[in-house]
Amino acid sequence: MTLRSYRRFVVVAYQFLPLLLAYARDRNRFLLFGASRQVSAETRRKRARSLLDSLLTLGPTFIKLGQLLSTRPDVLPPEYVEEFESLQDDVPPAEWADAREILEADIGRVEETFDDFTTEAISGASLGQVYVATYEGRRVAVKIRRPGIERLVEADLRVIRWSLPILMRFVDRARSFSLETLADEFEKTIREEMDYERERRMLEEIGTNLADNDRVRVPAAVPELSSKRVLTMEYVGGTKISQIDDLDALGVDRTALATTLQRVYLQMIVEDGVFHADPHPGNLAVKDDGTVVFYDFGMSGRVDPLIQEKIVEFYMAVARQDTDAILDTLIEMGTLSPEADREVMSNVMELAIADARGENIEQYRVQQIIQQVEDTIYEFPLRLPPNLALVLRVATVVEGVCVTLDPDFDFIAVATDYLGEEGFIEDSARDFVAERATEFQEFGQSMVRVPPKLERTLDSVDRGDVTVQFEVSDDERALDRLAKRLILGGLLSATIMASAVLYAFSTLVAALVPAAVAVPVAVMLWRSFRQKKGLRATPQFTRQQMRQRRGDE
């Protein structure tokens, strides 16, 4: 294994050396000395295409690496991300004889297990390939791990680890940290994709979550014919979702199809917490009746409840065009650094929303907003949480598929309708009231904590430990009036919040009790400000005094 890794290291170094030299010259024009160079967007795009060719040449592991890099705008400039988004996991299948050895070692002899087996693969990918067979009278799809892929992946993972210290020399400190986390994430991801038992579990879980939706079809797994290297599931045919002419010939409503696809992904991400993370057109098909079929669950992800909540808040902030709320949500999700210049980022978001608007001011696309955010993210030393990077990629790819189906597709309108129907918007309102109730509780706790602290402070004054110098130019009852107003203001806030909480969670009659108390308190507070005597600053100069001074002079 070590010898194979050394050989692969030489091959990888040969492929990447020209680009590394170019990056070194960006820092020092003459490699070891000289001024740095400014790199244009066109130069970066040429380099991205060259790097893409190298990834394709190096084979399956690096193709997967390129796909992962396409989800990480915090690691690569936008030109690289755009080029890598076109990287399709579509390679010629391995020889049937080699694939047969794996199938028979894990499942049993082909002739004894299957009624019929087509030895020509219907699709080939970097890690596996798919065949069609007949089992117990029904058609099934058999996915077999590519022969020898384990040894190649293990060797390439070693090469990537060995290459990291070299790459660190060409990036800044923040980006180097992102590269290390990316390497860890990639190793975990590719091992998961090679584990077909995990893919079967994800397929079954997502299929169960979507079982009640008759507009969606997830193939059922065949556990008795599955293993870590083989996955057998029912065969469900369909028309590729990007074949628009064929869909029109079938009479499929493409707008309804796009809406279904978007709503399904919102359900998976926002409600279920487990989602199909590779929605490119090759993994989506449409049956004759318009049902959406999902394939290939090797790349699947999970979303924790906190991120789900923040995603909902992000959608609602985008719908309201509230840039401050968008930035707050991105910071809370860990996408945007709290130290980032909010004014700059707010301008970016405003420009993104303005640029994304259609003829109708309410029409704008989340893909363009995300793209603008991703472009800006690269300018800051940031990194994306792994699952959030997958969610961003899914949102972008799904929106692209939906726009292909319907050029006038309104992502935000569909998302807002879905969140409203599922009660997320109402829940957000209740959350607001609950947050205000929490603030009221904290206010009450502060009212309890302040007197002891004040007493301790006065004791310190009595002991002579504190020296205070002040001058009061107003009458002696000013502090009394100030204290009265503070108490009245606190009581008014408390009664208003109590009324709001009771109205939200109890009955109207119960809410009227604190509201009735709030009225006289509000009147008393208002009258305290209407009194002629109050907190008034004594003017040091007046225009009359100035004129008198000039006259005396």
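Two aromatic rings of Phe, Tyr or Trp count as a pair when their centres lie within 6.5 Å, the six-membered ring being the one used for Trp. With that in hand, a search through the whole structure, which is a predicted model, turns up 12 aromatic pairs. One aromatic cluster is made up of Trp-96, Phe-114, Phe-117, Tyr-131 and Tyr-135. Tyr-135 also turns up in the strand pairing, where it stands opposite Arg-138 in β4.

That brings us to the strands themselves. β3 covers residues 128-135 and β4 covers 138-145, and the two pair in the antiparallel sense over 8 bridges. They form a hairpin with 2 residues between the strands. Glu-136 belongs to the loop between β3 and β4, and its backbone is a bit out of the ordinary run: phi is near 50°, a positive value in a residue other than glycine. As for its surroundings, Glu-136 counts as exposed because its relative accessibility is 60%, the cut-off for that label being over 50%.

β4 has a second partner to look at. β4 and β6 pair in the antiparallel sense over 5 bridges, with Val-140 standing opposite Glu-234 in β6. Both of these strands are well covered. In β4, 6 of the 8 residues are buried, so the strand is largely enclosed by the rest of the structure. For β6 the tally is 5 of the 5 residues, so this strand too is largely enclosed by the rest of the structure. A cation-over-ring contact can be picked out as well: the charged end of Arg-139 sits over the ring of Tyr-235, at 4.6 Å from the ring's centre.

Next comes an open sheet. It has 4 strands in the order β5-β10-β9-β7, and the pairing is mixed. β5 (216-217) and β7 are the edge strands, each pairing on one side only. β7 and β9 run antiparallel and are joined by 2 bridges, and here Lys-240 stands opposite Ala-285 in β9. β10 (292-294) leads into a loop that ends at β11 (300-302), and Asp-296 has its place in that loop. Asp-296 is another residue other than glycine with a positive phi, in this case near 60°. Its relative accessibility is 28%, which is why Asp-296 counts as partly exposed.

Several of these strands come together again around empty space. The second largest pocket holds about 890 Å³. Its lining takes in 38 residues, and the closest to the pocket centre are Ser-123, Val-130, Gly-282, Asn-283 and Tyr-295. Which elements supply at least two residues each of this lining? They are β2 (123-124), β3, β4, α9 (196-209), β6 (230-234), β7 (239-240) and β9 (284-286). β3 gives the most, with 3 residues. In chemical terms the lining of this pocket is a mixture, with 15 nonpolar, 13 polar and 10 charged residues.

The closed spaces are another matter. Rolling a probe the size of a water molecule over the atoms shows where empty space is left. The count of cavities of 30 Å³ or more comes to 3, and the second largest cavity has about 60 Å³ of space. Its lining consists of Gln-262, Tyr-265, Leu-266, Ile-269, Tyr-315, Val-394, Ala-395, Val-398 and Phe-411. Two helices, α11 (254-272) and α16 (386-405), each supply at least two of these residues. α11 gives the most to the lining of this cavity, with 4 residues. By residue class, the lining of the second largest cavity splits into 8 nonpolar and 1 polar, with no charged residues.

Terms used: Residues numbered from 1 in each chain as written. Predicted model: local features only at pLDDT ≥ 70, side-chain atom pairs only at ≥ 80, totals over all residues. Heavy atoms only, no water. 1 Å grid on protein atoms, 1.4 Å probe; cavity = no way out; pocket = protein on both sides within 12 Å on 5 of 7 lines; lining within 4 Å. Points joined across faces, edges and corners; volume = space filled by probe spheres on them. Nonpolar A, V, L, I, M, F, W, Y, C, P; charged D, E, K, R; others polar. Buried < 20%, exposed > 50% of the residue type's maximum accessible area, 1.4 Å probe, protein only. Pairing = 2+ DSSP bridges. Phe/Tyr/Trp six-rings, centres within 6.5 Å; stacked < 30°, edge-to-face > 60°. Lys NZ or Arg CZ within 6 Å of the ring centre and 35° of its normal.
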